[in-house]
Each structure stands twice: as structure tokens, then as C-alpha cells.
Amino acid sequence: MQRIQTEEDIFAWKQSPGYQSFVGWIQRRAERIVGREIVVGDAAEQGCSERIRNVIRLLGTMERWSDEVELIPETQRFGNRAFRIYISLVEQRLPTELPTPPNVSAELLPLLLRSHAFGHPVRLDYGSGHELSFVLGLFVCVQMGYFGGDGEDEEDDLVLRVFPRYLSLVTTLQKKYRLEPAGSHGVWGLDDYCFLPYLWGSAQMLGMDITPTQALDNARRAAAGSEVVVKDLWTLSLQRIFEFKTGPFFEHSPLLNSLSTTMPNFRKIHKGLVKMYAEEVLGKRVVVQHLFLSEITWGPDIAVGLPAVKSSDERRTLSEATKAPWARSSDDRRTDGEVTKAPWAR
């Protein structure tokens with residue numbers, strides 16, 4: 001059900017058992033991967049369960065499907081319409097390719113296809129909301145017992161093995177079809193396309209002897225072709241930025257540059273990102289309104305009617321509070337900035 005339409009719906013979702021379980025799962029995975037490395041390439045299919053291996057292979061197959069769809073000659077900077085053809089292939093093939101049993105697939109497919117986990121075929125964009133759809137899909141599989149039945153190691157592999165493979169797929173799609181950024185980008189946000197790689201990546205870094213400045217340098221060198229072994233999602237995502245963008249890093253990624261050059265370690269960074277994810281991704285209607293939620297991701301009361309309509313004064317106040325920062329007056333932005341700054345900015 002595409003349940004989130006208003007700010008009141010977001011408030012109701014955040015009180016739901018499904019939301020609380022999902023956020024707890026995100027945080028539990030972060031705790032479990034401290035100091036651990038991602039596993040990519042051929043090694044990702046070794047030393048893991050058959051279920052994990054099947055999902056990794058499927059994501060690889062989906063990446064190869066893009067080879068079947070040639071670009072349409074166009075001149076615009078973002079969004080090649082051939083991406084719509086690719087997504088139509090995914091919609092045709094994925095239902096029969098999913099390795100999950102029918103009851104799990106029935107819960108999973110609306111998140112992958114109708115919530116556009118691989119990018120939006122009409123807007124020709126990709127962002128943190130699409131990433132959220134995919135990760136919610138992984139969470140659904142866990143809640144239904146498809147993953148994690150033999151212990152938490154398999155759930156950790158969803159972050160350390162499956163998620164990097166998903167990032168490889170969507171990065172390929174972003175590059176080939178020039179998908180427009182749909183994340184919290186610019187000076188007000190973190191990254192044009194993603195968020196969770198930084199949250200989970202900063203958790204990995206809590207157990208590694210690498211400073212934020214060293215991670216930035218490693219990412220820059222890896223993007224330039226140096227033989228740097230990238231072991232974490234944080235550095236992997238910074239490397240992707242260097243491959244996508246040109247010009248001074250402090251100009252096109254000011255927040256990441258600030259975190260990388262002013263923080264001595266990742267403790268405060270990780271704490272701030274956890275809060276920022278709840279506010280800037282899970283708490284933004286423009287990000288979550290496309291989600292198809294079920295009893296697993298909301299709760300048994302999902303079909304209940306909307307909360308009571310607020311008064312006109314309350315709606316006006318709520319509307320003003322949730323405007324994009326660039327749509328507000330300078331006084332509004334000054335007040336809001338003091339309230340919603342991440343901990344490292346205080």
C-alpha cells in the first residue's frame with residue numbers, strides 16, 4: 001500500500017512497529033559490522049549461504065541486462081530515455097528470477113518494482129529513497145525468515161556482500177543512463193545518490209585504524225586508478241563521487257569534505273549520520289511517499305484510516321516547518337539550522 005501521503009502519515013509511520021523494527025535492524029547491522037570489511041567481486045560468493053549467493057548472482061545478472069539496452073541519442077545532461085526500456089526488462093524478468101519463495105516475493109516485488117528500487121523510469125532519477133526501497137526489501141526478507149534463520153551472520157552478509165553488489169548495479173545504471181540525482185544533494189545534504197553506505201561505512205570505520213582524512217585520500221587515489229584496496233562502504237562511496245564529479249571536492253561535496261577534514265575519527269560522524277538518516281531520509285515526505293508498505297514495514301493497523309485532520313493553523317505551521325531549506329526565508333533557515341544541525345555541526 002502506498003500509504004504515506006501527508007506529514008501526518010510520516011508521523012504515524014514513525015510510531016508504527018514496522019518502522020521501529022526497521023530502524024532497530026539498521027542500527028543492529030551497524031553494531032555488528034564494526035571493524036569488518038566488505039566482500040566484493042568473485043569473493044562475495046564464497047564463504048556465504050546459498051541464499052546470499054543467489055541474490056548476489058541475480059544482481060550481477062541485472063547489471064548485464066543493461067548491456068541489452070542501447071542509449072537513445074539525446075543531448076540533455078541528465079536522463080537517457082533508454083533507462084525506461086531497461087526498467088521494463090526488469091519488470092518483465094525479475095518476478096520469475098527472484099530466488100525467494102512465492103510468499104516472500106509477493107512482499108518483496110512491490111518494494112523493488114513499484115517503489116523503484118533501481119531508479120524511477122519516468123523521472124529518470126535515482127536517490128536515497130530508491131536505496132531505501134531496496135534495503136526495506138532486505139529487511140522484509142529477514143522478517144519473513146528467508147534470511148537470518150541460521151543466525152545473524154547471514155544478515156550481516158546482506159550489508160557486507162549483497163549491499164555492495166547492489167551499489168555496483170545502481171552505479172552502473174547511473175553512469176550509463178545518466179540518471180538525475182534524487183538524493184539530498186548540494187550544500188544541504190550528504191550525497192547526490194545515496195546515504196546508507198555512509199552510515200554503515202562509518203560504523204565499519206569505528207573498528208578500523210583509519211582517520212576520515214586518510215579515507216578521503218584513499219578514495220581519491222582509488223578513483224585515480226591507484227592500487228588501493230577499498231575495504232569499507234564509506235571509502236567506496238567517496239571513490240564513486242570522485243568518479244562521477246570533477247572539480248574541487250570541497251565545492252561539490254561540502255559536508256563530506258567538512259567531515260573528512262575536521263573530524264579526528266568516525267565516532268561523532270556515525271552518531272550524527274544515524275540522526276541525520278532519521279530526519280533527512282526517513283522523515284522526508286518527498287523521499288518516502290513512494291514506498292509500498294505492508295504489515296511487515298508498518299504494522300497490522302496499516303489499513304486504518306488516516307489520523308485526524310489537523311486544524312488549518314496546525315497544517316500551516318507543519319507546512320512551513322517542512323519546506324526545503326532553499327525555499328525558506330533567511331530568518332527561517334537561520335532558526336531551522338540551529339535546530340536540525342547534525343551533532344558534529346553544533
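**Close-up 1. α7 and the lining of the second largest pocket.** In this predicted model, α7 puts ten residues into the lining of the second largest pocket, the largest share. That helix runs over 152-177, and α3 (50-65) and α10 (233-244) also chip in, with each of these helices giving at least two lining residues.

**Close-up 2. The middle of the second largest pocket.** Zoom in on the centre of the second largest pocket and you'll find Val40, Pro164, Leu167, Ser168 and Leu236 lying nearest to it. They belong to a lining of 31 residues, wrapped around a volume of about 560 Å³.

**Close-up 3. What the lining is made of.** Sorted by class, the lining of the second largest pocket comes out as 14 nonpolar, nine charged and eight polar residues.

**Close-up 4. Two cysteines, Cys48 and Cys141.** Cys141 has a relative accessible area of 3% and Cys48 one of 13%, so both count as buried, the cut-off being under 20%. As for disulfides, the structure has zero.

**Close-up 5. Confidence, and a stretch to handle with care.** Across the protein chain the mean pLDDT is 87, with 86% of residues at 70 or more. Residues 305-340 are another story: here the pLDDT is below 50, though the stretch still has 27 contacts in the model beyond near neighbours in sequence. Where pLDDT is low, predicted coordinates shouldn't be read in detail, so go easy on the fine print in this view.

Note on methods
Residues are numbered from 1 along each chain as its sequence is written. This is a predicted model: local features need pLDDT of at least 70, side-chain atom pairs count only at pLDDT 80 or more; totals for chains, interfaces and linings use all residues. Side-chain values use heavy atoms; hydrogens and water are left out. On a 1 Å grid over the protein atoms alone, a cavity is a set of points where a 1.4 Å probe fits but cannot get out, and a pocket is an open set with protein on both sides within 12 Å along at least five of seven lines; lining residues have an atom within 4 Å of a point. Grid points are joined across faces, edges and corners, and a volume is the space filled by probe spheres set on the points. Helices (H or I, at least four residues) and strands (E, at least two) are DSSP runs, numbered from the N terminus. Ala, Val, Leu, Ile, Met, Phe, Trp, Tyr, Cys and Pro count as nonpolar, Asp, Glu, Lys and Arg as charged, and the others, Gly among them, as polar. pLDDT is the predictor's confidence in each residue, from 0 to 100. Contact means heavy atoms within 4.5 Å. A disulfide is a pair of cysteine sulfur atoms within 2.5 Å. Buried means under 20% relative accessible area, exposed over 50%, partly exposed in between (1.4 Å probe, protein chains only).
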